Amino acid sequence: MPGSQTRSRARERNNVLNRPEFLSLNQPPRREQGSGEGRGSGGPRRPGVRQQSQQEDPGLRGSRDSSEGGLAAEGAVKEDCIQLNPSFRGIAINSLLAIDISLSKRMGVYAGVHGSRAPLRSMVSLLALTGHALPWLLGTLICLWSSNTMAGQEVLVNLLLALILDLMTVAGMQKLVKRRGPWDSPPGFLDYIAMDIYSFPAAHASRAVMVSKFLLNHLVLAVPLRILLYLWAVLVGVSRVLLGKHHLSDVGCGFALGFLHFNLVESVWLDSATCQTLISIGTLRWTPLV
């Protein structure tokens, strides 16, 4: 008899269904118990099943919490692995960005300077102003108003369209990227007018390259003037870095974008008749029915 009792106890221990989290599988369904009690006695239900279910719920919740905690831990481990093992491309991009920011901050020697370098900063600011959109738009409109030749008006109308294209494209890209300058200096009043609020790409650099290529292609200039135009475009881009407004990468992308704008305008060049029609519409002298 003692041997059979010890064997039965060992079987009960080894039975998985006797564990607390599996006790609910051994219990009969609640609906059957309730219907049997209602038929037999008609009295209130016994609270035994509810107490057992309340005692069993913590075990089930614990197992669920442990499984959810395991999944969260696995997700955290994967994220840590991703952060600790970046790709070669990510390392290269981050390194280039760090070098770009470091060099741009070192070159921004006239960013908010008030002292002995103030006169030089004024000269650099004046040089950067020559690449602003407002002087070029006003100057092109004045020259177009005073021009009497159809060839000159054709060149000026296409230049005006190129300036508008450059202004809208750069403003849209800056609004999309929203990159701040290396010194995060607030934009000025003229920058708000030209929608040159953010750093990438450099609007002055793009405009300088586009205008210089346009003038070199459509004007007959001597060699010294051609060299001065190239030098002016480069100095305008560098001046924005010296003032702490742009990174070196912003200026480089601005140069590339200005060259792209020039090629685009040359590919869709408007002829003289179309330019005269646009001038008539702009001056309210267009009479298409006559």
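This passage describes the helices, the buried residues and a few chosen contacts of one predicted protein model. Because the model is predicted, local features are reported at pLDDT of at least 70 and side-chain atom pairs at pLDDT 80 or more, while totals for chains, interfaces and linings use all residues. Residues are numbered from 1 along each chain as its sequence is written, and side-chain values use heavy atoms, with hydrogens and water left out.

The secondary structure of the protein comes to 13 helices and zero strands. Here helices (H or I, at least four residues) and strands (E, at least two) are DSSP runs, numbered from the N terminus. Of the 290 residues, 27% count as buried; buried means under 20% relative accessible area, exposed means over 50%, and partly exposed lies in between (1.4 Å probe, protein chains only). The protein exposes about 19400 Å², with carbon and sulfur atoms supplying 64% of that area, as computed by the Shrake-Rupley method with a 1.4 Å probe, where for residues only the protein chains shown count as cover. Among the contacts (heavy atoms within 4.5 Å) with a separation of 6 or more, 73% come from residues 24 or more positions apart.

Helix H5 (residues 88-107) offers a friendly check of helix geometry. The expected span of a helix is 1.5 Å times one less than its number of residues. For the 20 residues of H5 this gives 28 Å, and the end C-alpha atoms are 29 Å apart, which agrees. At the N-terminal end of H5, Ser-87 acts as a cap, with a side-chain oxygen 3.2 Å from the backbone nitrogen of Gly-90. This is a polar contact, that is, a pair of N or O atoms within 3.5 Å; within protein, one must be able to donate a hydrogen and the other to accept it, and residues adjacent in sequence count only if both atoms are side-chain atoms.

The structure also holds two aromatic pairs. The rings of Trp-136 and Trp-232 have centres 5.9 Å apart and planes at 55 degrees, so this pair is tilted. Trp-136 belongs to helix H7 (residues 133-146) and Trp-232 to helix H11 (residues 223-242), 96 residues apart, and the pair thus links distant parts of the chain. Trp-136 is partly exposed at 22% relative accessibility, whereas Trp-232 is buried at 16%. The pair of Phe-214 and Trp-269 is stacked, at 5.8 Å centre to centre and 25 degrees between the planes. Phe-214 lies in helix H10 (residues 203-218) and Trp-269 in the loop between helix H12 (248-267) and helix H13 (272-282), so parts 55 residues apart in sequence are tied together. Phe-214 is buried at 1% relative accessibility, and Trp-269 is partly exposed at 25%. For such labels, rings of Phe, Tyr and Trp (its six-membered ring) pair if their centres lie within 6.5 Å; planes under 30 degrees apart count as stacked, over 60 as edge-to-face and the rest as tilted.

Trp-232 appears again in the largest nonpolar core, where Leu-163, Met-210 and Trp-232 touch the most other members among 21 residues. A nonpolar core is a set of buried Ala, Val, Leu, Ile, Met, Phe, Trp, Tyr and Cys residues joined through side-chain atoms within 4.5 Å. H7, helix H8 (150-177), H10, H11 and H12 each supply at least two residues of this core, and H10 gives the most, with seven. Apart from this core lies another, of five residues, including Leu-144, Leu-156, Cys-275 and Ile-279.

Some loop residues are buried too. Ser-199, in the loop between helix H9 (189-193) and H10, is buried at 1% relative accessibility, and a polar contact of 2.2 Å joins its side chain to that of Asp-250. Pro-182 sits in the loop between H8 and H9 and is buried at 9%. Pro-182 and Ser-199 are 17 residues apart in sequence and 8.6 Å apart in space, C-alpha to C-alpha. His-132, in the loop between helix H6 (118-129) and H7, is buried at 3%, and its side chain reaches the backbone nitrogen of Leu-134 at 3.1 Å. Not counting residues up to four places away in sequence, His-132 touches Leu-190, Asp-191, Ala-194, His-204 and Arg-207.
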